[in-house]
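Reader: I would like a close look at one part of this model, a paired strand and whatever sits around it. Please take me through the pairing and then the surroundings.

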Amino acid sequence: MSFVAMKSVRRDYTLNPGSPFRKTTVLRALRGVELAIEEGEILGLVGESGCGKSTLARLLLGIEQPSQGEVLVDGRPISSFSALERARLIQPVFQDPYSSLNPRMTVATTIGAPLAVQRTGDARARAAAVARMMEAVGLPPYLANAYPVQLSGGQRQRVAIARALIGQPKILVCDEPTSALDVSVQSQILNLLIELHRTFKLTIVLISHNLAVVSHLADRVAVMYLGRVVESGQTDAIFNAPRHPYTRELLRAMLLPQNGTGLPKLALNNEFPSPVAPPPGCSFHPRCERAGALCREAMPELVSALGTGGREVACHDPLPSTA
Ligand SMILES: Nc1ncnc2c1ncn2[C@@H]1O[C@H](COP(=O)(O)OP(=O)(O)OP(=O)(O)O)[C@@H](O)[C@H]1O
Ligand SMILES: [Mg+2]
């Protein structure tokens, strides 16, 4: 059994609830996600803006509940963990270290806050743990009493990472951890994540628009499209021989020079479809040059592709494995 598993996970949002004048609309942010994460791996999660990556992250963190389906960690539904158990097990690192830090708390207080809340050790032991963690994330000791406003973007993200790790969680969910940072700092933070992954034997879910980042860090990749995982597998296999036509388009977009970072701008003829009215059949079919009659009618399930080492693909007519 996988360390973390999502089974047939749906997440609906009701728009305009309670308004007597406007019809309520259901937005299907996740539409049957199947995902397995193994202990100790870095799983990259990619896909266009609005495909449901952050929603998936919130469900993993237990901040929100699925409308249907199950999120299991260590074989237990995440909803059965207490808030404290959850905090000890799984921690987030968000995109924007500017808004995720309390401006009135010093670096040391911020990093030590989870220990204080959990009443772990006495004040001296906590201060020692904070000092060790500051060193582990590359924050010099003289910053202990600094406030967020006095820090650079990279330093703030190091503080956020230290705070996430101080309670020794097993899983780190990083949602675009470097997108708000200067390009020059991004690789420092990514290298730090690689180092921490090794040191603390973490399981990391890395959400990123930037496929170059994912190819560099992730052991495995899951590609999402309109609220579903459409392909997953070993990173090099996915990058060298995508089986889903959507994955191939994402990779092509990455190779365009103007799209080296940031949002993939696909060379596809139409816009990302609406999660309020998803297309019937395969949700990618309106943009897929290979689409046939079956694709317009039946939603393909995510199934393992034979002979491709754990690869899964949700496509009626996948690309050949040597493509
Ligand atoms: N609280 C909410 N209420 C209503 N709709 C929501 C809510 N949160 C997300 N959505 C919708 O769910 C869909 C998925 O959003 P999500 O933020 O998960 O996408 P994403 O893949 O993280 O996008 P991005 O790459 O831009 O961060 C979007 O259509 C979004 O508008
Ligand atoms: Mg997001």
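Author: Valine 221 has glycine 233 in E10 as its bridge partner. The model is predicted, with local features needing pLDDT of at least 70 and side-chain atom pairs pLDDT 80 or more, while totals for chains, interfaces and linings use all residues. Residues count from 1 along each chain as written, chains are lettered from A and ligands numbered from 1 in written order, and side-chain values use heavy atoms, without hydrogens or water.

E9 and E10 are antiparallel and are joined by six bridges. (Strands, E, of at least two residues, and helices, H or I, of at least four, are DSSP runs numbered from the N terminus.) These two strands make a hairpin with two residues between them. In the turn, leucine 226 has a positive phi of about 45°.

E10 also runs antiparallel to E12, with two bridges between them; two is also the least number of DSSP bridges for strands to pair. Here glutamate 231 stands opposite valine 313 in E12. E12, residues 312–313, in turn has two bridges to E11, again antiparallel, and glutamate 312 of E12 faces serine 304.

These strands belong to an open sheet of eight with mixed pairing, in the order E6-E7-E8-E3-E9-E10-E12-E11. The edges are strand E6 (90–93) and strand E11 (303–304); each has a single partner strand, so one side of each has no neighbour in the sheet.

How much of E10 is covered? Six of its seven residues are buried, that is, under 20% relative accessible area (1.4 Å probe, protein chains only). Helix H10 lies across E10 (228–234), E9 (220–225) and strand E3 (42–46). H10 runs at about 105° to E9, an angle taken on a scale of 0 to 180 degrees between the N-to-C directions of lines fitted to C-alpha atoms, for helices over the stretch in contact.

Just before H10 comes histidine 244, placed in the loop between helix H9 (235–240) and helix H10 (245–255). Its relative accessible area is 1%, so histidine 244 counts as buried. Apart from neighbours within four places in sequence, histidine 244 is in contact with Val230, Glu231, Phe284, Val313, Ala314, Cys315 and Leu319, where contact means heavy atoms within 4.5 Å. Among these are Glu231 and Val313, the two residues that stand opposite each other where E10 meets E12.

How values were computed: Buried < 20%, exposed > 50% of the residue type's maximum accessible area, 1.4 Å probe, protein only.
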